[in-house]
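Biologist: Could you take me closely through one part of this model, and set out what can be said about it with some care?

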Amino acid sequence: MKKKYFFILLIILFVLPFIGPELIKFDSVLNSGSQDYFIFWNLRVPRIIFSFLLGGILTLGGLIFQSIFKNDLATPYTLGVASGASFGTVIAIHLNITFVFFIFNSQYILSFLGALLSVFFILTIIKIKKDFSISLILLAGIAINFLFSSLILFFQYVMNYSKLGSAVRWMMGSISIYEYRKIWMILPFYFILFFISYYYKYQLDIMFLGDELALSKGVDVYNLRKKLFFITSIIIAMAVSLSGPIGFVGLIIPHLLKLVIGKIHKHLIYGAVIFGGVFLALTDTIARTIIAPAEMPVGIITSLMGVPFFLYLLIRKKRYG
Amino acid sequence: MAIKIKNLEVKINESHILKNFNLNVKNGEFVNIIGPNGSGKTTLLRAILNIVNSESKKLEVFNKNIYKMSRKEISRNISYLPQIKKSFTSIEVRDFLLFSRFPYLGILSSYKEKDHEIINKIAREFEIKTLLNRNIKTLSGGELQRVLIASALVQETDIIFLDEPTTFLDPNHRWEIFNLLYEINKKENKTIVLVTHFLDYILNYGDKVVAIKDGELFFDNKVSYIIENESLIKNLYNFEIEIFKKNNKIFIDYPEKRVL
């Protein structure tokens, strides 16, 4: 049964690069001289791979945050990583900062630094208070979210219109990718995130019971929460800096998986990388096809497509929570 | 000696919760901990588990320094059932019981057939076999407590801590749980430390009673001694209590607390 779904998702993934404003025929993919060959291998395939990796990271990140904070409404962005990254990007756009460092251009770097800034703030607050409780971390994160949001609004207010347009566009989240460079940037982070969620899969199950009970079962809750929060945030920061804050995936897909395959992380983490990845690849394909030749930001499609599906599952399955 | 505590001090946010606390618990003993609300009973359990920051001259479990033990190692010696809300999670009972095998899990290894065998064996003994595939959220209060106590046995620790396990139970189930604990203590030779307010039970069937008041050890006596010196209980709770015997049973009356 589960294997069947796995193969369906895999087939979808292989079919996706053929779909777009123009359908690509299978034989032109092998014919290296044609224009379709170029579009297929240099535009569509890298884009599908990238969105697959990104969807996996966002879903796993959301899953980890929901478990370590024992909160169903937690997303990878709850603690201000996305607004920090957006702030960095808005600064880069407003001040016209352009440079290239290694293979990263300035906009990625500033948005990554912005995200790190929000992580740094939260860790400082935890350190001052000597408190690793969920409520403190969540409240601090939400406060920092608001801080960056108002700073973003301030800069948007003083920006000129053309810059404002690109800043707003960036914050809608979109996967624009050309060739394979971004994939190499994100791939190591993808494997790190998957490995740590695999490594801590049993701890994540137990953490959902609450701190006291988890401690009594031998899980070092406070250290693990700090560690996972830090690593996951860095990786989410990297993802956001490359694609903008794509919403919905990190919040709803983990829940969708819990509805379908239960609450055991051993199964959930595979579901997250496979289903989360295919979901984003699919929605991105729709986003670049639906109003061709223009392209819609994928963040709009993820929610438009995902919410009805999720609500259907929520209503059909009577017992959840 | 199962637990040795010497000069234990716990401070949380500047307030002194436990002061100069000394206690020894022998292997196989059943210790009842009583005291007014907020006197530090739960904090004592948490301090022994090293969940709260504490200082002491000595804090040992089976002659090993707790401060130097890893979380998993502590969990292989003590299982702890905190006070929890009924709907604390929604997973299947079998999965929940499996979590009690976590302290025995090596790095990057998974739960084995042996872990499942232990669960099945204890589920049979506890008559909770029919509950194994139920969601923990759907259990009644009595069923949940049975499952929680079973989880302590699945954890295979020599010491079990329980924090007011019978608070939300009706009298019938309350007695059932107490009898179950009594049985585990006698048959399996487990050391039990139980925080409870249920004086009727303690005075009739208990053995060792440890009383805490304002963070200090108030008394540490056998039940027979307490029954003869009812002022001990009176001073512990600061109100009138009468203890009397009828047909070889102990009854408690609260003369000052009658309405009208």
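Modeller: What follows looks at the sheet of chain B, then at the side that this chain turns to its partner.

The model is a predicted one, and in chain B it contains an open sheet of 6 strands, arranged in the order 6-7-8-3-9-10 with mixed pairing. At the margins of this sheet lie strand 6 (78-81) and strand 10 (216-222) of chain B, each of which pairs on one side only, while the twist from one strand to the next averages 15°. Within the sheet, strand 3 (residues 30-34) of chain B runs parallel to strand 9 (residues 208-213) of chain B, and 4 bridges join the two; in this pairing Ile34(B) stands opposite Ala211(B) of strand 9.

Strand 6 of chain B, an edge strand of the sheet, also belongs to the contact with chain A, in which 20 residues of chain B meet 18 residues of chain A. On the side of chain B that touches chain A, the elements that give two or more residues are helix 2 (71-77), strand 6 and helix 3 (93-99) of chain B, and the largest share, 3 residues, comes from helix 2 of chain B. Sorted by class, this side of chain B comprises 12 nonpolar, 5 polar and 3 charged residues. Strand 6 of chain B thus appears in both descriptions, as an edge strand of the sheet and as one of the elements that give two or more residues to the side touching chain A.

Terms used. Residues are numbered from 1 along each chain as its sequence is written. Chains are lettered from A and ligands numbered from 1 in the order in which they are written. This is a predicted model: local features need pLDDT of at least 70, side-chain atom pairs count only at pLDDT 80 or more; totals for chains, interfaces and linings use all residues. Two strands pair if DSSP finds at least two bridges between them. Axes are lines fitted to C-alpha atoms, for helices over the stretch in contact, and angles run from 0 to 180 degrees between N-to-C directions. Two residues are in contact if their C-beta atoms, placed from the backbone, lie within 7 Å. Ala, Val, Leu, Ile, Met, Phe, Trp, Tyr, Cys and Pro count as nonpolar, Asp, Glu, Lys and Arg as charged, and the others, Gly among them, as polar.
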